[in-house]
Amino acid sequence: MPQDTPVRRHHWLVRATHWLNAGLLVLMVGSGLQIYAAFPHIGRKGELLPVPNPFDSDRFGTMPEWARLGGWLAGGLNWHFALAWPFIVTGLVYLGYLGLSGEWRSLLFRARDLPNAWAMQLYYLRLRKDHPPQGKHNALQKAAYTLIVLLGALAVLTGFAIYKPVQLAWLTALFGGFELARYWHFVAVWVFVGFTLLHVALVFLVDPASLRAMLTGWYRGRFPSHD
Amino acid sequence: MAAATAPAALAGCGWDGGRLIQPKLLAISRLNDWVGEHVLFDRDRLAPTYDPAERSGRMPSYFISRGENPPAWTEQNEWALNVSGLVRKPVRLTRAMLERMPRLTYTVKHHCVEGWTSVATWTGVPVAAVAALAEPTADARYLRFDSFDSGYFNGWDLVSAMHPQTLLAYAFNDRPLGPDHGAPLRLYSPVKLGYKLTKYLTAMTFTRERPGGYWEDQGYPWFGGI
């Protein structure tokens, strides 16, 4: 049932951190690619780790210049370590808001969400005609928005593990050592980029009204809230 | 995706920040140096050590002098390390003198700023032992390391230089240090990135003001601690 009257959806903190994070993520990935280009392999020289790396320069070639921010390794490092500060602060502000406002309840994926996740997946695969009822977010959205927070934490933690592998040796060891921690850091980026592309595609394909809602805070679209 | 948004709008993706932004990036780099030196560094924490059997097959090395061959000491006079600056007893240490001093051997992991690592064994004199000979004065806060590799140099905070694992190394993988790795003497420590570990040493100078460095003056992080 389409909504005629606009409904208040996203608090300004959610909107601000969302767009800030989107911009910062692009710059973090860009500067990260510049850093990666200095040694575009996983492991040690002459002893690469036996892990899948589609972006090893022997196979993929050099990362294109338009995707790299910084010009050279020092430039990439400086962008990356400067923007890490607002990136982490933005993430913490978002998580703090979710916790203090109680909003986390409509986003966190829990075991009880599994039946709805299954129903949503059947609907998207066109094996089920009617859209399952949902609150502000359906179970698949909850899975995505829970995953992305965990992914952010993984990117930050693996980042610190490779930034200070001696001073934070315990953290680096948690990820399997420096070389593996560096690998997981890149894997997190691949998943982030994939998530972003899917996220943007679904916004336009499924519910374009949600884009306006993330800009103005008011939602007028296909999915009225039951929360 | 990345091309359509912020980097392209920032007028050129190879950009190091330009006149407007780069000074801010370098200022934050100095902030990160401060955090690295005063918050995230524990002077008593030792880097993990390895069994010599775990040594890597390759230990890549770089030098800045032109040509294919690594720098070599070609002066008429015998090579020696000059220890001076803000010290009570400046001293000139030859290779023989260094090898008679207390020695330390360890097998540790090397971390290059580029992202590769290598496990190798290093033997040498702790910088702290040489410092004890020279007796730095109370106002000495930094150490400057100079080399004969086209003037490659850099500066260290004293605390990291005095770290128990910071050595003046003259042996690599149980063999005398070769030209590739900075013969006759190089700085080695597992608590900083490779570019801080000056090879082809000629001098060690205690200073009051913070020395820069060959790479550091071009924008690489000065503290370089891991």
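So, how many strands does the open sheet in chain B have, and in what order? Five, in the order 2-1-10-5-6, and the pairing is mixed. Before I go on, keep in mind that this is a predicted model.

Let's stay with that sheet for a bit. From one strand to the next, the twist averages 20 degrees. At the edges you'll find strand 2, residues 91-94, and strand 6, residues 153-157, of chain B. Each of those has a single partner strand, so one side of each is left without a neighbour in the sheet.

Now look at strand 5 of chain B, residues 142-147. On one hand, strand 5 pairs with strand 6 of chain B, antiparallel, over five bridges. If you want to find the register, B:Phe145 stands opposite B:Asn154, and B:Asp146 has B:Phe153 as its bridge partner. These two strands make a hairpin with five residues between them, and there B:Ser150 takes a positive phi, near 50 degrees. On the other hand, strand 5 of chain B also pairs with strand 10 of chain B, again in the antiparallel sense, this time over six bridges. There, B:Tyr142 sits opposite B:Thr207.

Okay, what lies across this sheet? Helix 4 of chain B, residues 127-134, lies across strand 1 (80-85), strand 2 and strand 10 (201-207) of chain B. Against strand 2 of chain B, helix 4 runs at about 140 degrees.

Which residues of helix 4 of chain B are buried? B:Val127, B:Val130 and B:Ala134. They cover an arc of only 65 degrees around the axis, which puts them on the same side of helix 4 of chain B. As for what covers those buried residues, the list includes strands 1, 2 and 10 of chain B, plus strand 4 (117-126), helix 5 (158-161) and strand 7 (167-172) of chain B. Right after helix 4 of chain B comes B:Glu135, with a positive phi near 55 degrees.

Last bit, the interface. Here, 37 residues of chain A are in contact with 40 residues of chain B. On the chain A side, helix 1 (12-36), helix 3 (73-101) and helix 7 (178-206) of chain A each supply at least two residues. Helix 3 of chain A gives the most to that side, with eight residues. And what's the chemistry like? The chain A residues that touch chain B divide into 20 nonpolar, nine polar and eight charged.

That's my tour, thanks.

How values were computed
Residues numbered from 1 in each chain as written. Chains lettered and ligands numbered in written order. Predicted model: local features only at pLDDT ≥ 70, side-chain atom pairs only at ≥ 80, totals over all residues. Contact = placed C-beta atoms within 7 Å. Helix = DSSP H or I, 4+ residues; strand = E, 2+ residues; numbered from the N terminus. Nonpolar A, V, L, I, M, F, W, Y, C, P; charged D, E, K, R; others polar. Pairing = 2+ DSSP bridges. Axes fitted to C-alpha atoms, helices over the stretch in contact; angles between N-to-C directions. Buried ≥ 20, exposed ≤ 12 C-beta atoms within 10 Å, placed from the backbone. Arc of directions from axis to C-beta.
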